[in-house]
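Ready for a short walk through a protein? Open your viewer, keep the selection tool at hand, and follow along stop by stop.

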Amino acid sequence: MLAIEIDNLTKRFNDKTAVNSLSMHVEEGAIYGFIGDNGSGKSTTQKMICGLLNQTEGTIKLFGKSHQDITMRRKIGLLIESPALFPYVSAYENMKLQALNLGIKNPKKRIESCLYKVGLKDVGKKKVKNFSLGMKQRLAIAISLLGNPSLLILDEPINGLDPNGIIEIRNTLLELNTKYNITILISSHILGELSKIATHYGIIKDGQIVEEISAQELSKRCEDYMIIKSSEIDQVKEVLDQKLTADEIVKSDVNEIKVYGTMDGKRVNTLLVEKGYIIEELSFQRMDLEGYFLKKMGGLAYE
Ligand SMILES: Nc1ncnc2c1ncn2[C@@H]1O[C@H](COP(=O)(O)OP(=O)(O)OP(=O)(O)O)[C@@H](O)[C@H]1O
Ligand SMILES: [Mg+2]
């Protein structure tokens, strides 16, 4: 079952198209990393999923039903813009105010359970002004859990956190996903961090999904690649383009190319030595999520 199924989603603000015929598929149980440059349409998409913005065109289904279905809305917890936390009262009191807002009667047990799930059970009585940023963010997640959601939508939840705070949120999200079976859609710029938790990725560019890929598939694709450096790199590239069987050869710096889809260094060497080109370096590297993402977004090639 798909937790989120989006078809042909478009959002226009006057003459600005923020989201453009976007399709997206988030499997139930996934931690779906939503990646894209500034202004690519991540927040707008997430707001439409939560019903905070109306779409211009297209459909959004949550667990097989229209996202406008009121029972579906209740299944979503969101952390889109940081919630207003009241600094001079405790975490528990903050949650109580939010619970009353949601119309939850006798919320004590629910609040305690949500604080427990994010690891704040023991500091429920502490005033929020004494919380670290990571703790505040976990409290915000606890608030998003008040309605018992099956799906969490998080917009850049680790932005601005220090390394400790990031680890806290990472562990919290992993636990919510694995122990409590909550599907998570998370946008983030911190790709290295995202790659530690995401089971799937969606890459968005100019309001469209350019690729959806599972972490498993990504790790297969993040194969080793070859780096060749030479002061005659354009000629080197031309020879390899003609004579080498490879998936892709891209210029990645003034004197450098990257070769994907072959590890045959010996053949490269032979081809270039035959032509009399001098190779300054031939080495092998493995691409990470960041490299893959940049390549997809067209930011890796030098030209
Ligand atoms: N209310 C609005 N009115 C007009 N344009 C908007 C509005 N909201 C967003 N946009 C525009 O839509 C585009 C997508 O914005 P969005 O905030 O969804 O991007 P984003 O991927 O979340 O970016 P970031 O990484 O900076 O958070 C941007 O060009 C933005 O300026
Ligand atoms: Mg945004």
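**First stop: two cysteines**

Select C114: with a relative accessibility of 1%, this residue counts as buried. Keep in mind that you are looking at a predicted model. Now add C50 to your selection. C50 is buried too, at a relative accessible area of 7%.

Why is there no bond between the two sulfurs? The sulfur of C50 has its closest cysteine sulfur in C114, 17 Å away, which is too far for a bond. A disulfide needs the two sulfur atoms within 2.5 Å. The view from the other side agrees: C114 is in no disulfide, and the sulfur nearest to its own is that of C50. The disulfide count is zero.

**Zoom out: the whole chain**

Clear the selection and show the protein chain as a cartoon. You can look for eleven helices and 14 strands. Along the principal axes, the C-alpha atoms fill a box of roughly 80 × 40 × 35 Å. The chain has 303 residues, and 46% of them count as buried.

**Second stop: the ligand**

Next, select ligand 1 and display the residues around it. There are 13 of them, and the closest are G39, G41, K42, S43 and T44. Colour this shell by residue type and you should find two nonpolar, seven polar and four charged residues.

Which atoms of the protein come close to the oxygen atoms of ligand 1? Start with G39, where a backbone N or O atom lies 2.7 Å from a ligand oxygen. Move on to S40: here a backbone N or O atom is 3.2 Å from an oxygen of ligand 1. Then show the side chain of T44, which has a polar atom 2.5 Å from an oxygen atom of the ligand. Taken alone, ligand 1 exposes 640 Å², and the protein buries 60% of that. Two elements give two or more residues to the shell: strand 2 (16–27) and helix 1 (42–50). Helix 1 provides the largest share, three residues.

**Third stop: S43**

Stay with helix 1 and pick S43, which is found there. Is S43 buried, exposed or partly exposed? Its relative accessible area is 30%, so S43 is partly exposed. Show the side chain of D155 as well, and you will see a polar contact of 2.6 Å joining it to the side chain of S43. For a longer trip, draw a distance from the C-alpha atom of S43 to that of I279: the two are separated by 46 Å, and by 236 residues along the chain.

**Fourth stop: a pair of rings**

Now select Y225 and Y260. Two numbers describe a pair of aromatic rings: the distance of the centres and the angle of the planes. For Y225 and Y260, the ring centres are 5.2 Å apart and the planes meet at 35 degrees, so the pair is tilted. The pair links distant parts of the chain, with Y225 in strand 11 (residues 224–229) and Y260 in strand 13 (residues 256–260), 35 residues apart. Both Y225 and Y260 are buried. The count of aromatic pairs in this model is one.

**Last stop: S252**

Finish in strand 12 (residues 248–253), where you will find S252. S252 counts as buried, at 13% relative accessibility. Display its side chain together with that of E256: a polar contact of 2.7 Å joins the side chains of S252 and E256.

Conventions:
Residues numbered from 1 in each chain as written. Chains lettered and ligands numbered in written order. Predicted model: local features only at pLDDT ≥ 70, side-chain atom pairs only at ≥ 80, totals over all residues. Heavy atoms only, no water. Near = heavy atom within 4 Å. Polar contact = N/O pair within 3.5 Å; in protein donor to acceptor, adjacent residues only side chain to side chain. Areas by Shrake-Rupley, 256 points an atom, 1.4 Å probe, with all protein chains shown as cover. Helix = DSSP H or I, 4+ residues; strand = E, 2+ residues; numbered from the N terminus. Nonpolar A, V, L, I, M, F, W, Y, C, P; charged D, E, K, R; others polar. Buried < 20%, exposed > 50% of the residue type's maximum accessible area, 1.4 Å probe, protein only. Phe/Tyr/Trp six-rings, centres within 6.5 Å; stacked < 30°, edge-to-face > 60°.
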